[in-house]
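Let's take a walk through this protein together, going from the overall layout down to single side chains. Have the sequence and the 3D view ready as you read.

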Amino acid sequence: MGFFEDARFVIEPDRRGYEDLITNISYTSLCSDEFLKDIGFNAFGYQEEFGMMTDVLELKEKGLKVSCLNLSCGYYEPHTDHEFTVKKDLLNCLGLVEHIIENCLSVYPHENLESGYYHRYFEIDAETEIWDILSWDPEMSVEDLYEMYQTNYPRLKKEDFERIYNEYHEFNDEEELWKDTNLKGAVNTKRLWL
């Protein structure tokens, strides 16, 4: 963290798409209103959004005392075999970063007033998102799930991925059993009426 002691602000271009300017992640504010006002992001087609786990959040949690952002930088379909970058979007991001560096000459202090609630919120949020991922691809193995998404959820250990994976499949197995049992029950009830 000593590296950031003389920083005016911190910018992390590491988000898919071309227009997201992340100023808040899971109830954690990343930057001051003054910094947002001064950077002129609208002229580059960016808009404020909420984000997910990323490096600047880790820095905030470790006590980073200046404003920071995460920016879309023109890549798409991340963490897949089809990931690609659109050069025009990447250059627009570079233009915004250069604009901020050249025009925002003040230090932009920002303290993170995080509550203990955040940590539990993140765990619940991550589990919900992983369940959604598994619902899109229920055949995915736990190894693939871990390899593809560990960088998205750096707070989760391999055992956490395994636990979530197993809970998801146990729940769905019980759902199928329940549906099957109720379907048979409905068929038997219909026979009784006949």
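Let's begin with charge pairs. By the rule applied here, the count comes to four salt bridges. Bear in mind that what you're looking at is a predicted model. As for the idea behind such pairs, side chains of opposite charge can pair when their charged atoms come close.

Before visiting them, get your bearings in the chain as a whole. The secondary structure comes to six helices and six strands. Read from the N terminus, the elements go β-β-β-α-β-α-β-β-α-α-α-α. Of the 194 residues in the chain, 37% count as buried. Among contacts with a separation of 6 or more, 78% are between residues 24 or more positions apart.

Now back to the pairs. Asp20 and Arg15 meet through their side chains in a salt bridge, with 2.8 Å from N to O. Asp20 counts as buried because its relative accessible area, 15%, is under the 20% cut-off. Asp20 also turns up beside Glu49, a residue of strand E4. The two are 29 residues apart along the chain, yet their C-alpha atoms are separated by 5.9 Å. Setting aside neighbours within four places in sequence, Glu49 is in contact with Asp20, Leu21, Ile22, Thr23 and Asn24. Glu49 itself counts as partly exposed, at 30% relative accessibility.

Another pair brings Lys88 and Asp89 together, with their closest N and O atoms 3.4 Å apart. Is each partner buried or exposed? Lys88 is exposed, with a relative accessible area of 63%, whereas Asp89 counts as buried at 8%.

Next, find Arg163, which forms a salt bridge with Glu127; here the closest N and O atoms are 3.0 Å apart. Arg163 sits in helix H6 (residues 158-193) and Glu127 in helix H4, so this pair ties together parts that are 36 residues apart in sequence. There's a bit more to this spot: salt bridges with shared partners join Glu127, Arg163 and Glu167 into one network. Arg163 counts as partly exposed, at 32% relative accessibility.

Which charged residue is buried yet has no salt bridge? That is Glu129, which lies in helix H4. The nearest side chain of opposite charge belongs to Arg16, 8.9 Å away. Why doesn't that make a salt bridge? A distance of 8.9 Å doesn't meet the 4 Å cut-off, so Glu129 and Arg16 aren't counted as a pair. Leaving out residues up to four places away in sequence, Glu129 touches Met52 and Tyr153.

Arg16 and Met52 lead us to the next stop, the largest pocket. The idea behind the search is simple: rolling a probe the size of a water molecule over the atoms shows where empty space is left. The largest pocket has a volume of about 730 Å³. Of the 24 residues lining that pocket, Arg16, Met52, Pro78, His79 and Asn152 are the closest to its centre. Several elements supply at least two lining residues each: strand E1 (10-16), strand E4 (47-51), helix H2 (55-61), strand E5 (68-76) and helix H4 (117-136). The largest share, four residues, comes from H4. Sorted by class, the lining holds 10 nonpolar, six polar and eight charged residues.

His79 deserves a second look for its backbone. Most residues other than glycine have a negative phi, and most peptide bonds are trans. In His79, though, phi is positive, near 60 degrees. This histidine is found in the loop between E5 and E6, and it is partly exposed, with a relative accessible area of 37%. Glu77 is found in the loop between E5 and strand E6 (84-85) too. Glu77 isn't a glycine either, yet it has a positive phi of about 50 degrees. At 42% relative accessibility, Glu77 counts as partly exposed.

For a last stop, go to Gly17, in the loop between E1 and strand E2 (20-25). Gly17 is buried, with a relative accessible area of 13%. Apart from neighbours within four places in sequence, Gly17 is in contact with Ser72, Cys73, Gly74, Tyr75 and Tyr76. How far is Gly17 from Thr85 in sequence and in space? They are 68 residues apart in sequence and 9.1 Å apart in space, C-alpha to C-alpha.

Terms used. Residues are numbered from 1 along each chain as its sequence is written. This is a predicted model: local features need pLDDT of at least 70, side-chain atom pairs count only at pLDDT 80 or more; totals for chains, interfaces and linings use all residues. Side-chain values use heavy atoms; hydrogens and water are left out. On a 1 Å grid over the protein atoms alone, a cavity is a set of points where a 1.4 Å probe fits but cannot get out, and a pocket is an open set with protein on both sides within 12 Å along at least five of seven lines; lining residues have an atom within 4 Å of a point. Grid points are joined across faces, edges and corners, and a volume is the space filled by probe spheres set on the points. Ala, Val, Leu, Ile, Met, Phe, Trp, Tyr, Cys and Pro count as nonpolar, Asp, Glu, Lys and Arg as charged, and the others, Gly among them, as polar. Buried means under 20% relative accessible area, exposed over 50%, partly exposed in between (1.4 Å probe, protein chains only). Lys and Arg count as positive and Asp and Glu as negative; His and the chain ends are not counted. Contact means heavy atoms within 4.5 Å.
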